[in-house]
Amino acid sequence: MTHETVLGPLDGNTLKELARVICGDDHLYYRRGFEIVQFLENAGWHNVPEYDGEYRGEWTLQLLMERRDNPTELEKVLLRLADAREYLGEPEVLPSVVNAVNSFLVHEGFRLENPGGRPRVVVCDPAMAHPGHQAPVELKATMAEIIREPRMAALLQRRLDEARTCFSNGAHVAAIIMLGSLLEGVLLTVIEERDVSLLSNKDPNFIGLKALIDICHKAGWIDVDMERFSQSVCRYRNFVHPRREFREAHTPDRDTLTVSWYVVNGAFNDLAASQPKADAQSQHVRSRGRA
């Protein structure tokens, strides 16, 4: 299957910002002149000239401007910036670089993502650039630090990535349904891993999200504010059934999604903070062992 480039020619100011990120100024991933050449070659560019000793920013911008009318070449650069292989020595830098790119790329109607380690450029709503249109709170821990079982942690991480994609593209109902599904999966797995007796012999296949929220709150794993607001997410999660949405007087919009995002991420942060210390230590050791 061939990849179809979604980019069009980028604005000159956008290219200036892109050159700045490639060079790594402002405490990003700093590249010297010859390293910029290596970066462009690793991105898939051919016939990259040797660095001539000029100011790195001006030199890099000139190269980008020369290929401004070739969206495929510019997309290669963006994808390489979001490629974990570019930061093997400093993997913690990758999220900062992606956020820096998205802060200006959003004005072009695009967003850089790295779900499951696979960089891609996706179309997004330029309104996301305005205050209040970003996800209000981010997960402070990785899914692997909340969930012990590696395959389940990876599955739930993919759902979180898909929810972010829905958020970025203005798919409000789809994002809320995905968040509710994600919350249900995380809560049930946490209960099974921490104290399965709290299910009171109920069949995990038939226990609802509301009951899972109640159990985790009573166990002291999520705070009362997250417990109360999570019940609203539970309600909107049922919109997976179109008839349920049809009966409601309210159709979820971006504000509904923003609140839901805050609640779900807040609940996950509570779960990470309430994790038994022994579990947290073993998770840290396993994470370092995979690094």
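V121 is a good place to start: in this predicted model, V121 sits in strand β2, which covers residues 120–123. With a relative accessibility of 7%, V121 counts as buried, because buried means under 20% relative accessible area. From here you can look across to A82, which is 39 residues away along the chain. The C-alpha atoms of V121 and A82 are separated by 9.6 Å.

Now step back and take in the whole chain. Its secondary structure amounts to twelve helices and two strands. If you follow the sequence from its start, the order of elements reads α-α-α-α-α-β-β-α-α-α-α-α-α-α. The chain has 291 residues, and 44% of them count as buried. Contacts across the sequence matter for the picture too: among contacts with a separation of 6 or more, 63% are between residues 24 or more positions apart.

One pair of helices shows how such elements meet. Helix α1 (residues 12–23) packs with helix α4 (residues 71–81), their axes lying 11 Å apart at an angle of about 40°. The two helices are therefore oblique to each other, and α1 passes α4 in a left-handed crossing. Where they meet, α1 brings L15, L18, V21 and I22, while α4 brings L74, V77, L78 and L81. Sorted by type, the residues of this contact are eight nonpolar, no polar and no charged. There is a broader tendency to keep in mind here: in soluble globular proteins, nonpolar side chains tend to be buried together.

Next, look for the nonpolar cores. The largest of them has 41 residues, and those with the most contacts inside it are M143, I147, L183, V186, L187, F268 and L271. Several helices each supply at least two residues of this core: α6 (150–168), α7 (172–195), α8 (209–218), α9 (224–237) and α11 (254–273). The largest share, twelve residues, comes from α7. To see this core from the viewpoint of one residue, try V186. Leaving aside residues up to four places away in sequence, V186 touches M143, I146, I147, L156, F268 and L271. There is also a second, separate core of 36 residues, and L15, L40, L78 and L105 are included in it. You have already met L15 and L78, in the contact of α1 with α4.

Helix α11 also holds a charged residue worth a visit. D270 lies in this helix, and its relative accessibility of 15% is under the 20% cut-off, so D270 counts as buried. What does D270 touch, not counting residues up to four places away in sequence? The partners of D270 are W221, I222, D223 and M226.

Finally, turn to two asparagines in loops. N47 is found in the loop between α2 (33–42) and α3 (56–66), and its phi is near 60°, a positive value in a residue other than glycine. N47 has a relative accessible area of 74%, so it is exposed, the cut-off being over 50%. N201 belongs to the loop between α7 and α8. Although N201 is not a glycine, it has a positive phi of about 65°. Its relative accessibility is 82%, so N201 counts as exposed.

Methods. Residues numbered from 1 in each chain as written. Predicted model: local features only at pLDDT ≥ 70, side-chain atom pairs only at ≥ 80, totals over all residues. Heavy atoms only, no water. Axes fitted to C-alpha atoms, helices over the stretch in contact; angles between N-to-C directions. Helix = DSSP H or I, 4+ residues; strand = E, 2+ residues; numbered from the N terminus. Parallel < 35°, antiparallel > 145°, perpendicular 65-115°, else oblique. Left-handed = near helix turned anticlockwise from the far one by under 90°. Contact = heavy atoms within 4.5 Å. Nonpolar A, V, L, I, M, F, W, Y, C, P; charged D, E, K, R; others polar. Core = buried A, V, L, I, M, F, W, Y, C linked by side-chain atoms within 4.5 Å. Buried < 20%, exposed > 50% of the residue type's maximum accessible area, 1.4 Å probe, protein only.
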